[in-house]
Amino acid sequence: MFAGNERLLTAESSVVFLRRHVAPRYSPNDGLIMHGDDDQVVPIAASALLSAKLVKNAILKVYPRFPHGMCPTQKDVINTDLLQFIQQEQSSTATA
């Protein structure tokens, strides 16, 4: 799933996509949490930092000066990091 105006899925369809296609490949204890530290809508302390503590083995990636709408506005950076995470997970699953 890639971010970008033309490919941005609604929250509901994103959850369905993740449950059907991504979640079966990964342990429920793995995850990538991405958050901009300049998010004025959802402060990082009240969301990503707490989520990283709750999700075992989570990777927290904080983006300096990225706003709340970082997926469409910073899609090249976000897509690169998402793809790298997915490829790392796939290679580690294949070797296990």
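**Close-up 1. Lys 61, one end of a salt bridge.** With a relative accessibility of 34%, Lys 61 counts as partly exposed. This is a predicted model, and a search through the whole of it turns up 1 salt bridge. That bridge joins the side chains of Lys 61 and Asp 81, at 3.9 Å from N to O. It ties together distant parts of the chain: Lys 61 belongs to strand 2 (residues 58-63) and Asp 81 to helix 4 (residues 75-95), with the two positions 20 residues apart in sequence.

**Close-up 2. The surroundings of Asp 81.** Here we stay with the salt bridge but move over to its acidic partner, Asp 81, which sits in helix 4. Is Asp 81 buried or exposed? Asp 81 counts as buried, because its relative accessibility is 13% and the cut-off for buried is under 20%. Lys 61, at 34%, lands in the partly exposed class instead. Setting aside neighbours within four places in sequence, Asp 81 is in contact with Leu 32, Met 34, Lys 61 and Tyr 63.

**Close-up 3. Two strands and the helix that joins their unit.** Strand 1 (residues 31-36) pairs with strand 2 in the parallel sense, over 6 bridges. One spot to look for is Leu 32, which stands opposite Ile 59 of strand 2. Leu 32 is also among the contacts of Asp 81. Add helix 2 (residues 48-54) to the two strands and you have a β-α-β unit, right-handed in this model.

**Close-up 4. The ring pair of Tyr 63 and Phe 66.** The structure holds 1 aromatic pair. Its members are Tyr 63 and Phe 66, and they are stacked: the centres lie 5.1 Å apart and the planes differ by 10°. Why does Tyr 63 count as buried? Its relative accessible area is 5%, and anything under 20% falls in the buried class. Phe 66 is buried as well, at 12% relative accessibility.

**Close-up 5. The largest nonpolar core, with Phe 66 in it.** Both rings of the stacked pair turn up again here, as the largest nonpolar core is made up of Tyr 63, Phe 66, Met 70, Ile 78 and Leu 82, 5 residues in all. In soluble globular proteins, nonpolar side chains tend to be buried together. Which residues does Phe 66 touch, once those up to four places away in sequence are left out? The list runs to Gly 36, Asp 37, Asp 38, Asp 39, Gln 74, Val 77 and Ile 78. Of these, Ile 78 is a fellow member of the core.

**Close-up 6. Pro 43 in its loop.** Pro 43 lies in the loop between strand 1 and helix 2. With a relative accessible area of 44%, Pro 43 is partly exposed. How far apart are Pro 43 and His 68 in space? The C-alpha to C-alpha distance is 8.8 Å, although the two are 25 residues apart in sequence.

**Close-up 7. Stepping back to the whole chain.** To place the views above, count 4 helices and 2 strands, running α-β-α-β-α-α from the N terminus on. The chain has 96 residues, and 22% of them are buried. Among contacts with a separation of 6 or more, 69% come from residues 24 or more positions apart.

Terms used:
Residues numbered from 1 in each chain as written. Predicted model: local features only at pLDDT ≥ 70, side-chain atom pairs only at ≥ 80, totals over all residues. Heavy atoms only, no water. Core = buried A, V, L, I, M, F, W, Y, C linked by side-chain atoms within 4.5 Å. Buried < 20%, exposed > 50% of the residue type's maximum accessible area, 1.4 Å probe, protein only. Contact = heavy atoms within 4.5 Å. Phe/Tyr/Trp six-rings, centres within 6.5 Å; stacked < 30°, edge-to-face > 60°. Salt bridge = Lys/Arg side-chain N within 4 Å of Asp/Glu carboxyl O. Pairing = 2+ DSSP bridges. Right-handed = clockwise from strand over helix to strand, strands pointing away.
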